[in-house]
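Hi everyone, thanks for coming. I'd like to walk you through one structure today, starting with a single chain and then moving on to how the copies sit together. Here it is on the screen.

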2 protein chains.
Amino acid sequence: MAFEITKELIEQVRVFVQQKDDSMLLELLGEEHHADIAELLDDLNLEQATYIIKLLDSELTSDILIEIDEDVREKILKNLSAKEIAEELEELDTDDAADIVAELPEERQENVIAHIEDEEHVKDIVELLTYDENSAGGLMAKELVKVNENWNVTRCVREMRAQAESVTRVHSIYVVGNEGKLKGRLSLKDLLVTSTKTHISEIYIPKVDAVNVNDKAEDVAIIMQKYDLEAIPVVDDKYHLLGRITIDDIVDVIKEEAEKDYQLAAGITEDVEADDTIFEHTRARLPWLFLGLIGGVGAAAIMGNFESLISQHAILFFFTPLIAAMAGNVGVQSSAIIVQGLANNDLKGSIRDRLFKEFLLAVVNGLILSILLFGYTWIWHGSILTSIAISISLFVVIIFAGIIGTFIPLFLDRRNIDPAIATGPFITTSNDILGILIYFMIAKLVLGI
Amino acid sequence: MAFEITKELIEQVRVFVQQKDDSMLLELLGEEHHADIAELLDDLNLEQATYIIKLLDSELTSDILIEIDEDVREKILKNLSAKEIAEELEELDTDDAADIVAELPEERQENVIAHIEDEEHVKDIVELLTYDENSAGGLMAKELVKVNENWNVTRCVREMRAQAESVTRVHSIYVVGNEGKLKGRLSLKDLLVTSTKTHISEIYIPKVDAVNVNDKAEDVAIIMQKYDLEAIPVVDDKYHLLGRITIDDIVDVIKEEAEKDYQLAAGITEDVEADDTIFEHTRARLPWLFLGLIGGVGAAAIMGNFESLISQHAILFFFTPLIAAMAGNVGVQSSAIIVQGLANNDLKGSIRDRLFKEFLLAVVNGLILSILLFGYTWIWHGSILTSIAISISLFVVIIFAGIIGTFIPLFLDRRNIDPAIATGPFITTSNDILGILIYFMIAKLVLGI
């Protein structure tokens with residue numbers, strides 16, 4: 001792991017680009033890993049990055065293009081001709097090639113595809129473009145090693161060698177029947193330890209996990225994790241072998257899912273990164289802040305309705321931020337547990353069981369916190385009745401918040417809405433308002449006003 | 001994917017266990033995937049689960065034990081004798097075996113290890129136990145396929161076949177020198193397409209990525225993701241080949257990291273799941289709620305200091321939940337972006353650049369939201385001066401919140417503290433208090449009181 005993107009290196013590359021010193025650039029970068037060069041290009045300006053992409057061999061640059069930031073890639077591709085892009089696509093696996101084509105403006109897509117020379121490759125890419133991005137079809141590559149169950153081992157090995165040339169990683173050798181239906185698999189390891197004279201139909205493992213081409217990406221991720229698979233074949237409804245998904249694509253799905261959930265919990269929509277523009281950040285954050293504003297205005301309106309209390313019980317108003325904050329915190333905790341349970345597919349028991357458990361939990365936490373708050377307000381303010389009003393309210397608000405925080409994500413999930421949107425500002429805001437309303441109603445009741 | 005854990009199946013298993021109908025149980029479960037049986041066992045009580053573990057073959061049950069919930073595993077292991085546990089460990093790869101041994105009470109560990117017959121296996125497990133759980137050493141397995149650079153291909157293939165028997169997945173064949181130092185690798189694919197007459201030192205790829213045994217697990221995850229590796233060799237300081245980490249272990253690291261960050265953002269410490277006990281949940285959640293309580297009490301104390309304003313400017317008090325909520329929301333958004341950028345290792349530029357960007361962003365968002373709030377309060381309340389006081393406060397609070405939300409995780413990271421703790425209630429609470437303080441100070445200034 002010796003390669004590091006230092007400031008000096010970036011400066012050096014900049015100078016060589018400016019001097020158009022191709023031989024020095026090739027010497028400096030030609031041997032590096034594409035992921036490292038991709039990282040380096042993110043630090044250059046568009047002109048410099050394009051220069052390097054055009055200079056290096058397309059075998060290397062195609063891999064670089066896959067690794068760099070989507071925004072940067074889009075701009076570089078604009079600077080390349082359709083023919084140049086087609087050359088990059090020739091080098092890529094079908095899944096990566098299809099992803100890049102999908103990112104091009106529609107009017108360019110056909111033109112670029114027309115420049116790809118390998119007809120088989122074109123056919124595969126066009127097929128992959130028809131699948132939904134978030135489905136098994138959208139993740140799979142057409143590259144795989146498959147053998148016919150009726151072949152003998154000699155033919156099998158010969159055909160496999162030819163196929164393996166175009167497959168980056170051979171995980172499994174899939175066995176199909178004459179109609180192309182998936183029958184089973186041969187493992188590479190078995191092949192290593194088996195005599196070469198055996199017949200395929202005798203030695204293949206008939207049990208093979210597969211996913212349907214229309215299965216959701218998240219579901220494929222769950223299956224591959226559960227069964228610790230490094231590759232899984234993709235079939236259509238009639239079990240024809242269409243492609244294969246490898247674990248590295250699934251790692252990306254898992255990361256993206258986790259990041260999306262995390263950002264939603266923090267009140268950020270869309271997939272923004274630290275280096276995106278202020279406009280992109282505003283678009284991702286402002287709607288949630290606006291929701292918070294509405295909530296705050298709602299809370300103010302509620303408090304306005306209880307204005308008559310203010311002269312005699314000013315202290316009640318001092319504790320509204322506390323009530324709102326606790327309602328929000330409890331709601332977020334409860335919803336996070338549910339969202340995570342749903343994502344991992346390990347929630348057991350009925351909705352009623354869940355709600356009852358969160359109710360109990362809220363009772364425990366609420367009791368402890370209310371007693372503490374009671375003690376504090378009593379000492380601070382001296383009025384036992386006010387202290388009772390505030391602490392009972394806290395108790396009730398915590399229970400409501402826990403139940404709402406549990407119910408909303410479960411409800412959204414039932415309706416096929418991503419429950420993760422329930423964790424962030426959504427729960428916080430609704431619990432704020434409800435909490436303050438409950439608070440003043442109980443206070444009025446207890447204080448007998 | 002036909003196997004599903006239905007209620008009927010669970011019921012059937014329960015009945016067979018009660019009747020001690022071993023042959024029916026073996027028929028029902030013997031052919032199933034260990035991950036499915038593990039899921040099923042989670043739904044049974046301890047006695048039933050133990051019965052099944054004792055019944056099934058240890059080749060299958062060892063894999064089941066690795067998959068089931070840690071809590072359940074701990075209890076089942078208590079019900080097994082040292083010899084029975086040793087039998088399970090014999091079947092497992094060294095990394096999984098070491099994980100299980102590490103979970104046993106210390107007084108049992110030695111006893112269990114003493115019952116393992118394979119001395120090589122014992123040596124490997126004992127070595128793995130010495131590494132930190134969150135280091136490369138804690139993740140690696142000793143199983144791998146390695147060949148000596150001085151061997152010829154015939155010997156190499158013979159030795160590889162023997163080694164491959166004990167390795168679940170052969171990703172790469174590592175090439176070492178006479179002293180056991182890592183020299184390079186042979187890819188299985190290359191082996192498929194190369195003539196068998198070649199000499200190892202001529203055909204191996206001298207370039208191979210490796211991690212040091214003391215590297216942090218998260219760093220290994222970042223490297224394996226960046227370079228799309230499915231396995232990486234682990235070496236000591238002198239580059240001796242010690243073991244190998246595979247992508248499935250890294251998937252677990254990535255998931256756990258993401259879940260931990262997510263839970264911290266939601267105000268939950270420790271790794272709790274929906275099905276953990278109320279006590280465990282309380283322990284994980286209450287401290288953060290207590291922090292929120294302190295924050296609320298602090299906010300109340302601040303408001304108490306401004307009590308003199310209440311008769312003339314009650315409306316100021318109505319907007320404290322809004323100010324607190326916005327301060328919290330903005331802080332959480334800013335910190336989430338930083339935490340995610342740090343986790344992905346893709347934050348560029350200095351702390352000053354970051355702070356300046358968040359400042360600009362806060363100015364944009366703050367301006368929009370303050371103007372909206374100004375309009376609303378003016379219409380609602382009619383007093384232009386009060387509306388100005390409230391909306392200017394909101395503007396300033398948003399800027400402070402954004403800067404604090406950016407600064408704290410960066411600061412924690414510099415001090416080698418996990419920045420993720422900054423996202424949840426920690427930021428919310430401190431921003432709440434600070435927001436309310438700023439709010440009243442500005443209001444006093446603007447209203448000239």
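Let's begin with chain A, which has 22 helices and six strands. Please keep in mind that this is a predicted model. How does the radius of gyration of chain A compare with the globule rule? The value is 30 Å, well over the 22 Å that the rule gives for 449 residues, so chain A is more spread out than a compact globule. If you prefer to think in box dimensions, the C-alpha trace of chain A spans about 90 × 65 × 45 Å along its principal axes.

The domain layout is next. Chain A is divided into domain 1, residues 7-130, then domain 2, residues 145-246, and domain 3, residues 278-447. Taken over C-alpha atoms, the centres of domain 2 and domain 3 of chain A are separated by 52 Å.

Now let's bring in the other copy. A turn of 180° and a shift of 0.0 Å along the axis lay chain B on chain A, with an RMSD of 0.1 Å. The two copies are thus related as by a two-fold rotation axis. And which residue of chain B has the C-alpha nearest that axis? That would be B:Pro321, at 2.4 Å from the axis.

So what does the contact look like? Chain B puts in 92 residues, and chain A puts in 92 residues. On the side of chain B that touches chain A, helix α17, residues 278-305 of chain B, gives the most, with 17 residues. By class, that side of chain B has 55 nonpolar, 18 polar and 19 charged residues. As for the surfaces involved, 100% of the interface residues of chain B are also interface residues in chain A, so the copies meet through the same surface.

Finally, a helix pair for those of you who like packing geometry. In chain B, the axes of helix α21, residues 384-414, and helix α22, residues 425-447, come within 8 Å and cross at roughly 145°. The crossing of α21(B) and α22(B) is right-handed. On the α21(B) side, the contact residues include B:Ile388, B:Ile392, B:Val396 and B:Phe400, while α22(B) contributes, among them, B:Leu434, B:Ile438, B:Tyr439 and B:Ile442. Sorted by class, the residues of this contact between α21(B) and α22(B) are 18 nonpolar, four polar and no charged.

That's my tour, thank you for listening!

Methods:
Residues are numbered from 1 along each chain as its sequence is written. Chains are lettered from A and ligands numbered from 1 in the order in which they are written. This is a predicted model: local features need pLDDT of at least 70, side-chain atom pairs count only at pLDDT 80 or more; totals for chains, interfaces and linings use all residues. Copies are superposed by least squares on the C-alpha atoms of residues with pLDDT of at least 70 in both. Two residues are in contact if their C-beta atoms, placed from the backbone, lie within 7 Å. Helices (H or I, at least four residues) and strands (E, at least two) are DSSP runs, numbered from the N terminus. Ala, Val, Leu, Ile, Met, Phe, Trp, Tyr, Cys and Pro count as nonpolar, Asp, Glu, Lys and Arg as charged, and the others, Gly among them, as polar. Domain bounds come from an automatic or database domain assignment. Axes are lines fitted to C-alpha atoms, for helices over the stretch in contact, and angles run from 0 to 180 degrees between N-to-C directions. A crossing is left-handed if the near helix is turned anticlockwise from the far one by less than a right angle, and right-handed if clockwise. The radius of gyration is taken over C-alpha atoms; the globule rule is 2.2 Å times the number of residues to the power 0.38.
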